[in-house]
Each structure stands twice: as structure tokens, then as C-alpha cells.
Amino acid sequence: MNGATTTPMHSLKAEHTLIISLREVLLQEQNLLVAADIDKLDPLTSRKAELINEMALTANQRHRSLAAAGFARGEAGMEAWLAAHGSDADKLLWHDVLDQTREAKELNRLNGMLINRQLNHTQGALQALRPQAQTGVYGPSGRTATSTFSRGFVAG
């Protein structure tokens, strides 16, 4: 391998492409959640997992490149490497990756809230379909009896 393919910038450029793709998937996911179009989420969930896995592998490669160049792994090492070797465009790309990552995390957090809202709505609808306990009914002994009324349900 030549040095150009093993620099932290090579991995960073790939990370940038991946984080932009991930943000697009998260935005699509959010639109489907808002529209309650749950059936279309499965392919996006798979794609999201693939992108996250690729991002982790690419970040690990960048960390290895930093370590091989004598810098710490992670953000501090990247900052130091950029200060020593990076152009202004490299520094802008790094900061854009950080910004895009923060935005993706926030989108993911919001999507999680939308999923929880959808689950609560579904659970509420299911609860409304369940028979409720009857209170205030007196049994043969004259005491208040609580019982549940249940009908059999046959699907077929």
C-alpha cells in the first residue's frame, strides 16, 4: 500500500460519504415514522445498520492510520494530525464530519422518540380492545366483586 491510501484523510473522506448517507437514511426513517408508514421501515433499518457498521470500520482504519503516523487515536489525534499535516480543506472536512455526526445522533434520538410515541399509541389501541375489569358489582355474598369479562377470539 502506498502512503496516500493509508493517511487519515483517506478514511475521513470515506467517513464523510458514509455519514451523509446515514443522515439521508435517518431523514427517510423520520418521514416514514411521522407518516406512520411502518411497513417501509425494514429496508431502511437494514441500510442504517450497514452504514453504521461501515462507519465503525472506516473510523477504526483512520485510528490505525493516526497511530501509525505517531498520533493518538480518536478526535484529539485527528486534530493534532490536521494541525501538523492537514490543509484548510482537510480541516473543513473534519469539522463537517463532526457536525454531520452530531446531526445524525440528534436525528436518531428524535426517531427513537417517534418510535416510542408510535409504540405508546399502538399499546393504547390494544389496551382499548382489551376487556376492562368491572368494579362495583356485588357477588352472591353481598361483597363487591371484581371480575373481568372475556370473550374468546378465534382468528382464521
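What follows is a conversation about burial, cores and a pocket in a predicted model.

Biologist: Why is Lys48 called buried?

Modeller: The relative accessibility of Lys48 is 14%, and since buried means under 20% relative accessible area, Lys48 counts as buried. Its place is in helix 2, which covers residues 41-68.

Biologist: Which residues is Lys48 in contact with, leaving aside its neighbours within four places in sequence?

Modeller: With those neighbours set aside, Lys48 is in contact with Leu22, Val25, Leu26, Glu29 and Asn108, where contact means heavy atoms within 4.5 Å.

Biologist: What makes Gln100 buried?

Modeller: The same kind of reasoning applies. Gln100 has a relative accessible area of 11%, and the cut-off for buried is under 20%, so Gln100 is buried. Gln100 has its place in helix 4, and, not counting residues up to four places away in sequence, Gln100 touches Ile19, Ile20 and Arg23.

Biologist: What makes a set of residues a nonpolar core, and which residues have the most contacts inside the largest one?

Modeller: The residues must be buried, of the nonpolar kinds that the term allows, and joined through side-chain atoms within 4.5 Å. The largest nonpolar core has 14 residues, and those with the most contacts inside it are Ile19, Leu22, Leu26, Leu51, Met55 and Ala104. Helix 1, helix 2 and helix 4 each supply at least two residues of this core, and helix 1 gives the most, with seven residues. As a general point, nonpolar side chains in soluble globular proteins tend to be buried together.

Biologist: Which residues is Ala104 in contact with, once its neighbours within four places in sequence are left aside?

Modeller: Ala104 is then in contact with Ile19, Leu22, Arg23 and Leu26. Apart from the core just described lies another core, of eleven residues, among them Met78, Trp81, Trp94 and Val97.

Biologist: How do you know which helices line the largest pocket?

Modeller: A lining residue has an atom within 4 Å of a point of the pocket, and helix 1 (8-34), helix 2 and helix 4 (88-129) each supply at least two residues of that lining. The largest share, six residues, comes from helix 4. The lining has 15 residues, of which Glu15, Arg62, Glu75, Leu98 and Thr101 lie nearest the centre of the pocket.

Biologist: What is the volume of the largest pocket, and how do the residues of its lining divide into nonpolar, polar and charged?

Modeller: The largest pocket has a volume of about 280 Å³, and its lining divides into seven nonpolar, three polar and five charged residues.

Key: Residues numbered from 1 in each chain as written. Predicted model: local features only at pLDDT ≥ 70, side-chain atom pairs only at ≥ 80, totals over all residues. Heavy atoms only, no water. Helix = DSSP H or I, 4+ residues; strand = E, 2+ residues; numbered from the N terminus. Buried < 20%, exposed > 50% of the residue type's maximum accessible area, 1.4 Å probe, protein only. 1 Å grid on protein atoms, 1.4 Å probe; cavity = no way out; pocket = protein on both sides within 12 Å on 5 of 7 lines; lining within 4 Å. Points joined across faces, edges and corners; volume = space filled by probe spheres on them. Nonpolar A, V, L, I, M, F, W, Y, C, P; charged D, E, K, R; others polar.
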